Amino acid sequence: MKHGMPVEDDLFEKLRVELRRGSLVLAVLGALRVERYGYTLRTSLEAAGLPIDEGALYPLLRRLEAQGLLSSEWREEARRNKRFYRLTDDGVRVLGELLGEWNAISESILRLTGDK
Amino acid sequence: MDLLERYLNAVRRNLPARDADDIVAELRDVLLERAEAQEEARGRPLGEDEWEKLLVDFGHPLVVAARYRRNQWLIGPEIYPFYLYFLKLIGGIVAFGVTAAAVVQAAIHEGQPGPLIVGYMGSLWWSVAGTIGSITIVFALIERYGGVDKHFRTWRPAQLPEIDLPGKEPGRWESGIEVALGLALLLWWAGAVHFPIPMQSDQFRLEGAPIWMALYWPILALIAARLIHNLIQWLRPEWRWLRGLLGIATAVGGLILIVLIYRAGHWMTVVPITMPADQAAELQKSVQLGLRIGIIAVAAVWACQSLAELWRWVRAMQR
């Protein structure tokens, strides 16, 4: 791309998706300090301003569970079986570490962009 | 509901067998939850069209199932640059080999060129496609099982190639010597100077075949064009366009002349003086065989040099 060319909308969208992708893991872990099932997790993320595609959310939950950061159990609620997720002890520890990293990155970006 | 079950069944077929039941049960709950939310908003059950839209919005069964797979790509971004490098390198070598074999075949081929061209295109396609397929399989296995990939990560800067080796310009001395040799060759071919080349003994003498006279002017033009090319390279190396154009034109012209000379099939005649006829015939065979091998060798060297020149020119034009 030549210098000074306007940034196209789809390029901005790609960059935005890339930027959000890493932060979604943090958001999901943060939201699951309280036990939730898929639908309520998604609505809580959406209410917090981080909507996530369901097609991406459920595979992500399984991956985090396989990595030992989440645990899950099937329970009946509202006449249907639902899978409830929550953080494991390892998940709590990793969330704390990731939040520290997130804050450090945020501080650095703010310093670099001169907003602080 | 039939649509939902068909959809879930399509997803299940592409899921890892061990987790399929669990994943499908969760997806069913998610989709029913979504449908219930829509039914509540509308105040009535969803129709078939609305179910169809809901499922389309959720995603193609293959895409939904693929997201649950451990491996999301065939060749990941870490080894992709190595994959691309080997693809270009080995693909290039294979394409060059097939082309070189076709050129040799064309030179010795008698008859219509059509089947030869069709055969070459077929060989080129299958060789390159086979190479791409094989390299892709090897790298997909590396991506999946690892092991070899650590060799890509352990490297030393000292092992890197010399700077700009493929596009290296010939030095001033090299160009000067090429001009001197080219000039000598031109004068000899034009008959202006004579070199003591032994063409005669007490027993026999060697005479050039008619092909050399038939191609006298084209060969003279080629030598002259090559001389001009070398002069530009020596004195005006910045004239890249002209140099490149002359280089490629003389390379192609040279290859055509070599093919024409080869196809003539007779290049030198042994004329006996005191030598017995049967010995002269034997000598004739040996001379022809030596020249045949020599012409093939010259063709191979010329083709390699021409490709290198083309490569240098393309690189120079990209700067």
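In the predicted model, Ile90(B) is partly exposed, its relative accessible area being 33%. This residue belongs to helix H5 of chain B, which spans residues 80-108. Together with Tyr85(B), Leu89(B) and Ile93(B), Ile90(B) makes up a nonpolar patch of about 380 Å² on the surface. Because residues must have over 30% relative accessible area to be part of such a patch, the value of 33% places Ile90(B) above that cut-off.

The overall architecture of chain B was examined next. Chain B contains 12 helices and two strands, and along the sequence these elements follow the order α-α-α-α-α-α-α-α-β-α-α-α-β-α. Chain B has 319 residues, of which 30% are classed as buried. The accessible surface of the chain amounts to about 20,900 Å², and carbon and sulfur atoms account for 67% of that area. When contacts within chain B between residues at least 6 apart in sequence are considered, 72% of them link residues at least 24 apart.

Two further positions in chain B illustrate local environments. Ala66(B) is located in helix H4, residues 61-66 of chain B. With a relative accessibility of 31%, Ala66(B) is partly exposed, since that category lies between the limits of 20% for buried and 50% for exposed residues. Ala66(B) and Pro16(B) are 50 residues apart along the chain, and a distance of 9.5 Å separates their C-alpha atoms. Ser306(B), by contrast, is buried, at a relative accessible area of 15%. Ser306(B) is part of helix H12 of chain B, which covers residues 277-318. Within chain B, the side chain of Ser306(B) comes to 2.7 Å from the backbone oxygen of Trp302(B).

The interface between the two chains was then analysed. On the side of chain B, 15 residues are in contact with chain A, and 15 residues of chain A take part in these contacts. The area buried between chain B and chain A is about 1,400 Å², with 47% of this area on carbon and sulfur atoms. Within chain B, the residues that lose the most area to chain A are Glu26(B), Glu33(B) and Arg67(B), which together supply 38% of what that side buries.

Charged and polar pairs are also present at this interface. Nine salt bridges are counted between chain B and chain A. One salt bridge joins Arg80(A) to Glu36(B), with 2.4 Å between the closest N and O atoms. Helix H2 of chain B, residues 20-42, contributes 11 residues, the largest share of the side of chain B that touches chain A. Nine residue pairs in polar contact are found across the interface of chain B and chain A, where both residues have pLDDT of 80 or more.

In chain A, Leu26(A) provides an example of a buried position. Leu26(A) lies in helix H1 of chain A, residues 9-31. Its relative accessibility is 11%, and Leu26(A) is therefore counted as buried, the cut-off for that class being under 20%. Beyond its neighbours within four places in sequence, Leu26(A) contacts Leu95(A), Leu98(A), Leu99(A) and Trp102(A). Between Leu26(A) and Gly96(A), the C-alpha to C-alpha distance is 9.7 Å, with a separation of 70 residues in sequence.

Methods: Residues numbered from 1 in each chain as written. Chains lettered and ligands numbered in written order. Heavy atoms only, no water. Patch = residues over 30% accessible without salt bridge, like charges linked within 9 Å, V, L, I, M, F, W, Y side chains within 5 Å. Areas by Shrake-Rupley, 256 points an atom, 1.4 Å probe, with all protein chains shown as cover. Salt bridge = Lys/Arg side-chain N within 4 Å of Asp/Glu carboxyl O. Helix = DSSP H or I, 4+ residues; strand = E, 2+ residues; numbered from the N terminus. Buried < 20%, exposed > 50% of the residue type's maximum accessible area, 1.4 Å probe, protein only. Contact = heavy atoms within 4.5 Å. Buried area = accessible area lost by both parts, 1.4 Å probe. Polar contact = N/O pair within 3.5 Å; in protein donor to acceptor, adjacent residues only side chain to side chain.
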